[in-house]
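Hi,

Here is the structure I promised to pass on. Please have a look at it first, and then read my notes below.

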Amino acid sequence: MGSFANVKRKYESMICRRCINEEFSAALTPNDCIYGYPFPMNCNCCKEMRNIVTNLRLSGKIKLLFKSMKD
Ligand SMILES: [Zn+2]
């Protein structure tokens, strides 16, 4: 599986929250995410116009950390 950094690299840092949740089988909420762009952009994973997650808040990082430890 891997870390958020690996997923970001895979999708060239253009990935939406929904696709991150699918990658990690996680349940990130908007509050777990940092959206670096003020408008929706093309997600490289689902190819739709979505808000791109550029970073995670601590709560989001912890959620993914626990997910990746289970794998
Ligand atoms: Zn997406």
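In these notes, two residues are in contact if their C-beta atoms, placed from the backbone, lie within 7 Å. Please keep in mind that this is a predicted model.

On that basis, I20 touches V7, I15, A26, L28 and V53, leaving aside residues up to four places away in sequence. I20 also belongs to the largest nonpolar core, which has 13 residues. The members with the most contacts inside that core are I15, C16, C19, I20, C43, I52 and V53. Helix α2 (17–24) and strand β4 (53–56) each supply at least two of the core's residues, and α2 gives the most, with three.

Which residues of α2 are buried? They are R17, C19, I20 and F24. These four sit on the same side of α2, because they cover an arc of only 160° around the axis. Just after α2, S25 takes a positive phi of about 50°, so to speak a detail to check on your screen.

Now to M41, which lies in strand β2 (residues 41–42). Why does M41 count as partly exposed? Because M41 has 14 C-beta neighbours inside 10 Å, and a residue needs 20 or more to be buried, while 12 or fewer would make it exposed. Not counting residues up to four places away in sequence, M41 touches M14, M49 and I52; I52 is also among the core residues with the most contacts. Finally, M41 and E12 are 29 residues apart in sequence, with their C-alpha atoms 13 Å apart in space.

Best wishes

Terms used: Residues are numbered from 1 along each chain as its sequence is written. This is a predicted model: local features need pLDDT of at least 70, side-chain atom pairs count only at pLDDT 80 or more; totals for chains, interfaces and linings use all residues. A nonpolar core is a set of buried Ala, Val, Leu, Ile, Met, Phe, Trp, Tyr and Cys residues joined through C-beta atoms within 7 Å. The arc is that of the directions from the helix axis to the C-beta atoms.
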